[in-house]
Amino acid sequence: MNHGPGPPRSDYGYRPQEFHSHVPGDDFSRYGGATSHLPKLEDLDYQTAGPPPPPGAGVPPRTKDEGGGKSAAWYDPRGWSLRTKLIVGFVAIAVIIAVIVGAVEGTKKNRYPDYSPLDYRLVDSYEGESFLEKFDYFSGKDPTDGFVKYVDQQAAQTLNLTHATDSSVVLKVDTSNPSATEGRQSVRLESKASYNEGLFIFDIIHTPHGCGTWPALWLTDPANWPTNGEIDVVETNNKATEGNAVTLHTTDGCDMDVKRKMTGHAQFTTCLNSTNSNSGCGVQAPPSSYGEEMNQKGGGIYALELRKAGIRAWFFPRSSIPSDLQKNNNTKPNPSTWGTALADFPNTSCDIGAHFRNQRIVANIDLCGQLGALPKFYHKMYNCPATCEKFVAHSPEEFEEAYWEFGGFKVYQA
């Protein structure tokens, strides 16, 4: 989905056909006994010469073009016209080109980047009571047409839409206004720091869900979207029973129809934001990766690796978090020990460094908008009532579960 500025290819040899034209030699066996019928010419030296050669002996047959009136075999190029030779030449060149292109494309589809382990070190930590201090509150008009009013820091604190403790931080949707006819109040945070690469660890305790919601935890350059790309680490809508989708949105030239290693299900493979209704190239995770099912199990950790070789994402339920990601463990994280990623976006047909720059961490809860209000989701998939805007405006009690709770974020770089 598009958040807006502020969204897999032998060696062929060719050997010319060899042609041989049989030329009769001095074989006279077929004339055996013929000399017994010739006059006896003892006094003539001609006797030693044997019988005269048969007509035409020692002369190769002439082609039709040489006036012999006899055509060469169809496969003998010496009998071809100039036009035929040109046609055959062009066909041969086309075949060679097709073979080369096929070999190149086949090789390309089997290429895979080098994800060798990197020596990561911690560069940023977002946790505890200082969590919110490292973010800016976006309070402008929603770029994706949501029925939402993003509030500034002061309003968020007054309405208790954001608060931090030593153990976690909460971001939520207003549940008090009974008639939010101009949009329900919510929050959107954007990290002050930006990143070109790194290993991002997101400890998530609770995920927002419910009719009308469109929450996301993502990375982008709000001021230069889609030029600098967008990475949706966690994004769902409404009741979100289908689970999370990890998605990329880019400008032209980033495709994922290549060899990939992941457990998730690939959706579209073209990441260009303007195709497929701004769907981007997503990878669908199982239902347990989000929403009520995830929350009931204590949440979990999403890890995102952004590097030149590609972008990968993992999800670990609370009961299966790797030891190097456990709290109070000072071991450097090593993705090579985590098993197959949930989502894999290799650099085979996408220059990762060129498409993803100046990425800021964004956490928000949008309402309705270009995705949440789509009938195929709001009505057909999740059977939500009325219209999205009407429901959001007059049902404050329905947003009790519409909140993020984070245990903290960490950013590592090599």
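This report walks through the fold, the aromatic contacts and the charged contacts of a predicted model.

## The chain at a glance

Let's start with the overall picture. The protein chain holds seven helices and 18 strands. Of its 414 residues, 44% are buried. The accessible surface of the chain amounts to about 21,700 Å², and carbon and sulfur atoms account for 51% of that area.

## An open sheet of eight strands

Eight of the strands come together in an open sheet with antiparallel pairing, and their order is β2-β7-β17-β9-β10-β11-β13-β12. The edges are taken by β2 and β12 (265–266); each has a single partner strand, so one side of each has no neighbour in the sheet.

If you look at the β2 edge, you will find β2 paired with strand β7 (residues 188–195) in the antiparallel sense, over three bridges. Within this part of the sheet, Y137 stands opposite L189 in β7.

## Aromatic rings in contact

Searching the whole structure turns up 19 aromatic pairs. One of them joins Y126 and F131 edge-to-face, with 6.4 Å from centre to centre and 65° between the planes. Both partners are buried: Y126 has a relative accessible area of 2%, and F131 likewise comes to 2%.

F131 also forms an edge-to-face pair with F409, at 5.1 Å centre to centre and with 70° between the planes. This pair links distant parts of the chain, since F131 belongs to the loop between β1 (121–126) and β2 (135–137), while F409 belongs to strand β18 (residues 403–413), 278 residues apart. F409 is buried too, with a relative accessible area of 1%. These rings are part of a cluster in which ring pairs link Y126, F131, F135, Y195, F200, F202, Y290, W404, F406 and F409.

## Arginines over rings

Two arginines are worth a look here. R188 lies over the face of F138, 4.7 Å from the ring centre. The charged end of R312 sits over the ring of Y115, at 3.9 Å from its centre.

## Salt bridges

The count of salt bridges comes to nine. Among them is the one between D136 and R360, whose closest N and O atoms are 3.1 Å apart. D136 lies in strand β2 and R360 in strand β17 (residues 359–367), so this contact ties together parts that are 224 residues apart in sequence. D136 is partly exposed, because its relative accessible area is 34%. The contact also belongs to something wider: D136, R188, E190 and R360 are linked in a network of salt bridges. R188 is therefore a residue to view twice, as it takes part in this network and also lies over the face of F138.

Another salt bridge brings the side chains of D203 and R318 together, at 2.9 Å from N to O. Here, D203 in strand β8 (residues 198–206) meets R318 in the loop between β15 (310–317) and β16 (343–346), and the two are 115 residues apart. Their surroundings are not alike: D203 is buried, with a relative accessible area of 9%, whereas R318 is partly exposed at 28%.

E305 and R307 form a further salt bridge, with 3.3 Å from N to O. In this case E305 is buried at 1% relative accessible area, and R307 also counts as buried, at 9%.

Definitions and conventions: Residues are numbered from 1 along each chain as its sequence is written. This is a predicted model: local features need pLDDT of at least 70, side-chain atom pairs count only at pLDDT 80 or more; totals for chains, interfaces and linings use all residues. Side-chain values use heavy atoms; hydrogens and water are left out. Rings of Phe, Tyr and Trp (its six-membered ring) pair if their centres lie within 6.5 Å; planes under 30 degrees apart count as stacked, over 60 as edge-to-face and the rest as tilted. Buried means under 20% relative accessible area, exposed over 50%, partly exposed in between (1.4 Å probe, protein chains only). Helices (H or I, at least four residues) and strands (E, at least two) are DSSP runs, numbered from the N terminus. A charge sits over a ring if NZ of Lys or CZ of Arg is within 6 Å of the ring centre and within 35 degrees of the ring normal. Accessible areas come from the Shrake-Rupley method with a 1.4 Å probe; for residues, only the protein chains shown count as cover. Two strands pair if DSSP finds at least two bridges between them. A salt bridge is a side-chain nitrogen of Lys or Arg within 4 Å of a carboxyl oxygen of Asp or Glu.
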